[in-house]
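Colleague: I am new to this one and would love some company while I get to know it. Please pick one part, take a close look at it with me, and then go on from there.

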Amino acid sequence: MIAVDAMGGDYAPQTIVEGAVMAAREFHIPVVLVGDKKLLEDELAKHETAGLAIHLQHASQVVAMDEAPTKAMRRKKDSSIRVAIQMVKNGEADAVFTAGHTGAALAAARLILRPLKGIHRPAIAALFPSLAGRSIVLDVGANIDCKSVQLFQFGIMGAVYAKYILGTMKPRVGLLSIGEEEGKGNATILEAYQMFKQSSLHFIGNVEGTEVFSGRADVIVCDGFAGNAAMKFCEGLVGYYDAKLGALFSSGLTGRMASVLLKSEVDQIKEMTDYASLGGAPLLGINGICIIGHGSSSSRAVKNAIHQAQRFVTHNINTHIHDDIELNQEIQESAKAKGRIWRSIKGSFQRKGGEEKEQPPGGSKT
């Protein structure tokens, strides 16, 4: 059973309901639509649902896109996002999908489902097109600032995603940095690099921004700031080229002939860059399955996101993540120990500096 936040998204509930009906019909997935029951009943009445496993769960509130996530979670305990995620917590649903407020979904997932044992921070994983098919980039927005051990865990989670969902038996994991050389990057990147080198992962080293689409890495690890910026940049670039190609193919006889001759190839490229074909981005590392969709998700995107959620459940993704985190536990413990030592040294220097500042001008400490 997949719990669907039917009130989340730019075109909810119409598009969400239509996508859920499509998923139930095409993939035979049981779905529970969460939201205003009267509105959902009216929307379902527009579709042929005989024989489909579609259920309704009333939720009286909706989180608006301009609301602060934490405040919304405190004040709107009967919001469709929160109720849907609570159903996963209660065992009434196996996974949740929302195209609503991403921040609210993250806040609710962390608060209600909690991170998996051993996971420091959950991460959002996005699929990017590449010359080799697709690459997983994470984190793309859940964590702006990250420690080295968190980046390391992102790599583990991304490798599990690549192996069990994309079918890449030995995923190549790369660390996004400003150069390929081992010594390139800030302190966090350098520390994470050493952790990856010692791990059970197939680590290929640093990956530069120019290589994100090359297919050199199956999993590309970065913090949420860089990942989100990269994702939004790519979305804008795709829109730019789509507009330019549209103008080119509609200009004159040559353009129209080119559009006919290249239609198949152009359609393939559009399919690879169309988020609707993917459905959504999983929030990895929480004690449950949560798929986050684009706010402007079409019914096709909703359908594919629900199917994606079902596949994550079927392939026991969280069990594999937990097992691989445990397999690499010694590396993470070592990183924690080094961090404690450094914080102790840093604190000692800070205390000493404070004491020295208390001395009168020209005085000395004896």
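Modeller: Happy to! Let us start at Cys290, which counts as buried because its relative accessibility is 2%. Please keep in mind that this is a predicted model. Cys146 counts as buried too, at 15% relative accessibility. How many disulfides does the structure hold? The number is 0. For Cys146 we can say why: the closest cysteine sulfur, in Cys222, is 8.4 Å away, too far for a bond. A disulfide would need the two sulfur atoms within 2.5 Å.

From there, let us turn to the sheet. Its 11 strands form an open sheet with mixed pairing, and if you walk across it the order is E3-E2-E1-E4-E11-E10-E5-E6-E9-E7-E8. The walk begins and ends at the edge strands, E3 (54-58) and E8, each of which pairs on one side only. On average, neighbouring strands of this sheet are turned by 25° against each other, direction ignored.

Three of the pairings are good places to pause. Strand E1 (residues 2-5) runs parallel to strand E2 (residues 31-35), and the two share 4 bridges. If you want to find this pair on your screen, look for Ile2, which stands opposite Val31 in E2. Further along the sheet, strand E5 (residues 123-130) and strand E6 (residues 133-138) run antiparallel and are joined by 6 bridges. These strands, E5 and E6, make a hairpin with 2 residues between them. Within the hairpin, Leu127 has Ile136 of E6 as its bridge partner. Ile136 also has a bridge partner in E9, namely Val219. That takes us to the pairing of E6 with E9, which is parallel and has 3 bridges.

Side chains add links of another kind. Side chains of opposite charge can pair when their charged atoms come close. The count of salt bridges in this model comes to 8, and three of them are worth a visit. The side chains of Arg172 and Asp218 meet in one of these, with 2.9 Å from N to O. Arg172 sits in strand E7 (residues 172-176), while Asp218 is in the loop between strand E8 (202-207) and strand E9 (219-221), so this pair ties together parts that are 46 residues apart in sequence. The two ends differ in cover: Arg172 is partly exposed, at 25% relative accessibility, whereas Asp218 counts as buried, at 11%.

The next salt bridge stays within one helix. Asp42 pairs with Lys38, their closest N and O atoms being 2.9 Å apart. Both residues belong to helix H2 (residues 37-44) and are 4 residues apart, about one turn of the helix. Asp42 is partly exposed, with a relative accessible area of 36%. Lys46 and Glu43 form another salt bridge, again with 2.9 Å from N to O. Here Lys46 is exposed, with 58% relative accessible area, but Glu43 is buried, at 8%.

We began at a buried cysteine, so let us finish on the surface. Phe233, Leu237, Tyr240 and Tyr241 make up a nonpolar patch there, and together they have about 450 Å² of accessible area. Phe233 is part of helix H8 (residues 224-249). With a relative accessible area of 57%, Phe233 counts as exposed.

Methods: Residues numbered from 1 in each chain as written. Predicted model: local features only at pLDDT ≥ 70, side-chain atom pairs only at ≥ 80, totals over all residues. Heavy atoms only, no water. Patch = residues over 30% accessible without salt bridge, like charges linked within 9 Å, V, L, I, M, F, W, Y side chains within 5 Å. Areas by Shrake-Rupley, 256 points an atom, 1.4 Å probe, with all protein chains shown as cover. Salt bridge = Lys/Arg side-chain N within 4 Å of Asp/Glu carboxyl O. Buried < 20%, exposed > 50% of the residue type's maximum accessible area, 1.4 Å probe, protein only. Pairing = 2+ DSSP bridges. Axes fitted to C-alpha atoms, helices over the stretch in contact; angles between N-to-C directions.
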